[in-house]
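Visitor: I am new to this structure, and I would like to be led through it slowly. Could you show it to me before we talk?

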Amino acid sequence: MPAPATPKAELIEVFSSIQGEGVLVGHRQIFVRLAWCNLDCAYCDTPFAKQDQCLIETRPGCAAFEAVTNPVSLELLLERLKSWLERLPGAHHSLSMTGGEPLVQVDVLEEWLPVLRRYLPIYLETNGTMVAELQRVLSHLDWISMDIKLPSVTGALPLWDNHNEFLRLARTRNCFVKAVVSEKTPDEELRTTARLLSETAPEVPLILQPVTTTAGIKLSAAQLLEMQAQVAAIHPAVRIIPQTHHFLSVL
């Protein structure tokens, strides 16, 4: 009886670029952007709806793309991955599985990640809400960039309990937490975030990420410093890092 086929993934794009967020800012990664998300945050600037075609860079970092039909096979992705690693040995720190929310396609990740991890460490970018799905792939992850979604910024209901359960698992890997903040973020949300980390994962760094666009950041330095002070009084491992890829004009 033939072995079951490896599942294919609904992808948006595959490209090589500089990580613009969090503790690995400045490292070069290969980004695999998966379709779909379980949330709909007001500030999100990333297209995640399913597409008929996935865009893949023709060469790593060239910003020229070719379209391939969705869903994409693991074999096709491996062909590109191995080619890029041979072309640029040592250039890439890790493979970023991003979205949308990659864990929506956990059936694919469960099959793909053990294979992809033979070539590069796996870095998961996640909204930090899909606990059961994380459990299924946790052993295949090297880094987790976990969001905490603040209601003042997302325009949605709070997700504190989901985030707390997720963090209990994520802390067992190389993990950091990112919270997008705006001029509307109240002090109590910052303190709640700080308490969550202090009580559940005090060793995990928290990144306060001001909403960033190509036009810059609306929050002033004084506002950001005050936010940092509010958090640091409860959870000292806190940093302020904007989305630097906007300033570098890279993907």
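The questions and answers below go through strands, helices and buried residues in turn.

Guide: This is a predicted model, in which local features need pLDDT of at least 70 and side-chain atom pairs count only at pLDDT 80 or more, while totals for chains, interfaces and linings use all residues. Residues are numbered from 1 along each chain as its sequence is written, and side-chain values use heavy atoms, with hydrogens and water left out.

Visitor: How many of the residues of strand β6 are buried?
Guide: Strands (E, at least two residues) and helices (H or I, at least four) are DSSP runs numbered from the N terminus, and buried means under 20% relative accessible area, exposed over 50%, partly exposed in between (1.4 Å probe, protein chains only). In a regular strand the side chains alternate between the two faces of the sheet. In β6 both faces are covered, with I122, L124 and T126 on one side and Y123 and E125 on the other. Strand β6 (residues 122-126) is largely enclosed by the rest of the structure, because the buried residues number 5 of the 5.

Visitor: Which residue in β6 does M97 stand opposite?
Guide: Two strands pair if DSSP finds at least two bridges between them. Strand β5 (residues 94-98) and β6 pair in the parallel sense over 3 bridges. In this pairing, the residue opposite M97 is L124.

Visitor: Which residue in β7 does E125 stand opposite?
Guide: Strand β7 (residues 143-147) runs parallel to β6, and 4 bridges join them. Across this pair, E125 faces S145.

Visitor: Which residues of α2 are buried?
Guide: Helix α2 (residues 106-116) belongs to a β-α-β unit with β5 and β6. Its buried residues pack against β2 (28-34), α1 (74-87), β5, β6 and α3, through contacts of heavy atoms within 4.5 Å. The buried residues are V106, V108, L109, W112, L113, V115 and L116.

Visitor: How many residues of the largest nonpolar core come from α2?
Guide: A nonpolar core is a set of buried Ala, Val, Leu, Ile, Met, Phe, Trp, Tyr and Cys residues joined through side-chain atoms within 4.5 Å. The largest one has 61 residues, and L116 is one of those touching the most other members. The share from α2, the largest in this core, is 7 residues.

Visitor: What is the relative accessible area of E10?
Guide: E10 lies in the segment before β1 (11-18). Beyond its neighbours within four places in sequence, E10 is in contact with residues including L34, W36, K50 and Q105. E10 is buried, and its relative accessible area is 11%.

Notes:
A crossover is right-handed if, with the strands pointing away from the viewer, the path from the first strand over the helix to the second runs clockwise.
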